[in-house]
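Here's a quick briefing to read with the model open in your viewer. Have a look at the fold first, then work through the notes by topic.

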Amino acid sequence: MGQNQAIVLGLLAAPVLVLMLLRINATMVFLSLCLGYVVMQFLGADAKTFADVFMTHAAVSTNIMQLGLLLFPAIFTTLFMIRTVRGAKLVMNILPAVAVGSLTVLFVVPLLPPGTSHAITGLRLWQEAIRLQDIIVGAGALVSLLFLWTQRPRRDKEERGKR
C-alpha cells in the first residue's frame, strides 16, 4: 500500500474509530460536516479575504481557510458529543460513523496540498469513491436521519397515563 492510499484510508478510519471509541453521536457529526461543507461553499472566498485583512503578515491559503470552515463544526460537535451514545445504540452508531469517514474523505482530499491531492485523485481507490459519492452521501444522510429519529426522548408510561 502506497503513502497516498494510507492517507485516504486514514481519513476514512480515523473518524470512525474516534466516534466509536468515544461513543460520540456520529449522526450529529455527519450533519455538522454537511453544515461545514455548506458554510465552506458560501463563505470560503469571503473568509479568506476577511482573514487577509486582519492577518497581513501571515499567508493563509484558501485551502487552509476552507478546511477550517469545513471541519470546525464537526470538530466542535465531536467534542460536545463525547459519551452521548449508550447501550444498543452504539452498534447502530457504526453506520453513521462510516458515513462520516466516507464524507470526510470526499470533502478533505480536494483541499489537501496540490501535490498530495493530485496523487490521491489519481488512485483507483479515489476513482471508486467518486463513482460512489452519490450513494455515500444519500445513504449517509438516510442512515443519519433514521438514527436521529430513534434518538427522540421517550416519555415514561406514567407520564403518558396522566394525559
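In this predicted model, helix α8 has a buried set made up of I136, G140, S144 and F147. Those residues sit on the same side of α8, because the arc they cover around the axis is only 65 degrees. Flip to the other side of α8 and you'll find D134, I135, L142 and W149, which are exposed.

**More on helix α8**
- α8 runs over residues 133–150, so its 18 residues should span 26 Å at 1.5 Å a residue. The C-alpha atoms at its ends are 26 Å apart, in agreement with that figure.
- What sits over the buried residues of α8? The cover includes α2 (26–54), α4 (89–92), α5 (94–108) and α7 (124–131).

**The chain as a whole**
- The protein chain is built with nine helices and zero strands, so you can read the pattern along the sequence as α-α-α-α-α-α-α-α-α.
- If you're setting up a box, the C-alpha trace spans about 65 × 40 × 25 Å along its principal axes.
- Of the 163 residues in the protein chain, 35% are buried.
- Take the contacts between residues at least 6 apart in sequence: 82% of them join residues at least 24 apart.
- The exposed area of the protein chain comes to about 10,300 Å², and carbon and sulfur atoms supply 68% of that.

**A nonpolar patch on the surface**
- L17, V18, L21, L22, F72, I75, F76, L79, F80 and I82 make a nonpolar surface patch of about 1,000 Å².
- Two elements, α1 (3–21) and α3 (62–80), each give two or more residues to this patch.
- Which element gives the most to the nonpolar patch? That's α3, with five residues.
- L17, one of the patch residues, is found in helix α1.

**L19, a buried residue in α1**
- Helix α1 also holds L19. With a relative accessible area of 2%, L19 is buried, since the cut-off for that label is under 20%.
- Setting aside neighbours within four places in sequence, L19 is in contact with I24, A26, V29, T78, N93, A97 and V100.
- L19 and L90 are 71 residues apart in sequence, and their C-alpha atoms are 9.8 Å apart in space.

**The salt bridge**
- How many salt bridges does a search of the whole structure find? It turns up one.
- The side chains of R131 and E128 meet in a salt bridge, with an N to O distance of 2.4 Å.
- Both residues, R131 and E128, lie in helix α7, three residues apart, which is about one turn of the helix.
- Are the partners buried or exposed? R131 counts as exposed because its relative accessibility is 58%, against a cut-off of over 50%. E128 has 31% relative accessibility, so it counts as partly exposed.
- Helix α7, home to R131 and E128, is also among the elements that cover the buried residues of α8.

Note on methods: Residues numbered from 1 in each chain as written. Predicted model: local features only at pLDDT ≥ 70, side-chain atom pairs only at ≥ 80, totals over all residues. Heavy atoms only, no water. Helix = DSSP H or I, 4+ residues; strand = E, 2+ residues; numbered from the N terminus. Expected span 1.5 Å × (residues − 1). Buried < 20%, exposed > 50% of the residue type's maximum accessible area, 1.4 Å probe, protein only. Arc of directions from axis to C-beta. Contact = heavy atoms within 4.5 Å. Patch = residues over 30% accessible without salt bridge, like charges linked within 9 Å, V, L, I, M, F, W, Y side chains within 5 Å. Areas by Shrake-Rupley, 256 points an atom, 1.4 Å probe, with all protein chains shown as cover. Salt bridge = Lys/Arg side-chain N within 4 Å of Asp/Glu carboxyl O.
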